[in-house]
Amino acid sequence: MTKLENNYWRYMDRMDAAGLRELMDAYGQDVWNLAYVITRRHDLADDIAQDVFLKVYQSIGAFRGASSIRTWLLALTRNTAINYKRTAFMRRVLLVGRTAAHEGKSPSAEQEAMEQELTSEIWSAVLELPVKLREVLVLHARYEMTTKEIADALELPEGTVKTRLSRARKRMSSKWKESAAYE
């Protein structure tokens with residue numbers, strides 16, 4: 001969104017259905033993806049995305065334009081996901097319900113299958129990273145956020161973001177080298 005659009009959101013004190021729909025269309029997938037990366041569960045990502053947009057609907061006036069609307073939404077998503085993970089109920093559910101849902105259709109072409117397998121392997125390796133490293137890597141690589149934007153979203157010093165990003169890249173590189181050694 002442009003700076004003008006960010007200013008539009010900054011001066012809103014109430015959200016209407018059309019505005020919420022516009023935000024959900026523009027950023028809904030980003031919000032869900034980040035929630036999934038943090039929780040590693042489809043059902044929780046659904047709930048978190050819904051909660052995030054409910055919070056936005058109820059409190060758009062809290063957006064002051066210090067960052068982009070996207071950065072604000074992703075920070076809100078991260079905080080909501082972390083709060084979900086911290087609750088005692090969620091800890092019990094995670095210990096009891098360890099199921100992995102695999103979606104996918106068998107592609108007909110061998111190349112598509114190989115690319116999908118590679119993508120799956122990469123995401124599996126990313127999801128094995130600790131949350132602190134995983135979130136900065138995903139925000140940087142998937143959402144193409146700068147270290148400054150990531151620092152704003154995570155409420156961390158920029159140097160911490162750079163360190164975590166470097167560590168995440170090193171771990172991914174070493175995991176990739178390990179898996180290549182076995183093939």
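**Close-up 1. Helix α2 meets helix α4 in this predicted model.** The axes of α2 (residues 17-39) and α4 (residues 69-86) come within 9 Å of one another, and they cross at roughly 35°. The crossing of α2 past α4 is right-handed. On the α2 side, the contact is built from Leu23, Tyr27, Asp30, Val31, Leu34, Ala35, Ile38 and Thr39. From α4 come Ile69, Arg70, Leu73, Leu74, Thr77, Arg78, Ala81 and Lys85. Sort the residues of this contact by class and you get ten nonpolar, two polar and four charged.

**Close-up 2. Helix α4 by itself.** This helix has 18 residues and reaches 26 Å from its first C-alpha to its last, close to the 26 Å expected at 1.5 Å a residue. How much of α4 is buried? The count is 13 of its 18 residues, so the rest of the structure largely encloses α4.

**Close-up 3. Helix α2 again, now with α3 as its partner.** Here the axes come within 8 Å and cross at roughly 145°. As α2 passes α3, the crossing is right-handed. α2 puts in Ala17, Leu20, Leu23, Met24, Tyr27, Gly28, Val31, Trp32, Ala35, Tyr36 and Thr39. α3 answers with His42, Leu44, Ala45, Asp46, Ile48, Ala49, Val52, Phe53, Val56 and Tyr57. By class, that makes 17 nonpolar, three polar and one charged in the contact of α2 with α3.

**Close-up 4. An aromatic pair on α2.** The structure holds one aromatic pair, and the partners are Trp32 and Tyr36. Their rings are stacked, sitting 5.5 Å centre to centre with 5° between the planes. Trp32 and Tyr36 are four residues apart in α2, so about one helical turn separates them. Both residues also turn up in the contact that α2 makes with α3.

**Close-up 5. Ala168 in helix α9.** Look for Ala168 in α9, which covers residues 158-182. Is Ala168 buried or exposed? Its relative accessible area is 0%, so Ala168 is buried. Leave out its neighbours within four places in sequence, and Ala168 is in contact with Leu129, Leu133 and Leu137. Val136 is also worth picking out here: Ala168 and Val136 are 32 residues apart in sequence, with their C-alpha atoms 8.0 Å apart in space.

**Close-up 6. Two loop residues with positive phi, Arg40 and Glu155.** Most residues other than glycine have a negative phi. Arg40 is not a glycine, yet its phi is positive at about 65°. You'll find Arg40 in the loop between α2 and α3 (42-58). Arg40 has a relative accessible area of 37%, so it counts as partly exposed. Glu155 likewise has a positive phi, near 55°. Its home is the loop between α8 (147-154) and α9. With 65% relative accessibility, Glu155 counts as exposed.

**Close-up 7. Stepping back to the chain as a whole.** The secondary structure comes to nine helices and zero strands, giving the pattern α-α-α-α-α-α-α-α-α along the sequence. Of the 183 residues in the protein chain, 37% count as buried. How many of the contacts between residues at least 6 apart in sequence join residues at least 24 apart? The share is 68%.

Methods: Residues are numbered from 1 along each chain as its sequence is written. This is a predicted model: local features need pLDDT of at least 70, side-chain atom pairs count only at pLDDT 80 or more; totals for chains, interfaces and linings use all residues. Side-chain values use heavy atoms; hydrogens and water are left out. Axes are lines fitted to C-alpha atoms, for helices over the stretch in contact, and angles run from 0 to 180 degrees between N-to-C directions. Helices (H or I, at least four residues) and strands (E, at least two) are DSSP runs, numbered from the N terminus. A crossing is left-handed if the near helix is turned anticlockwise from the far one by less than a right angle, and right-handed if clockwise. Contact means heavy atoms within 4.5 Å. Ala, Val, Leu, Ile, Met, Phe, Trp, Tyr, Cys and Pro count as nonpolar, Asp, Glu, Lys and Arg as charged, and the others, Gly among them, as polar. The expected span of a helix is 1.5 Å times one less than its number of residues. Buried means under 20% relative accessible area, exposed over 50%, partly exposed in between (1.4 Å probe, protein chains only). Rings of Phe, Tyr and Trp (its six-membered ring) pair if their centres lie within 6.5 Å; planes under 30 degrees apart count as stacked, over 60 as edge-to-face and the rest as tilted.
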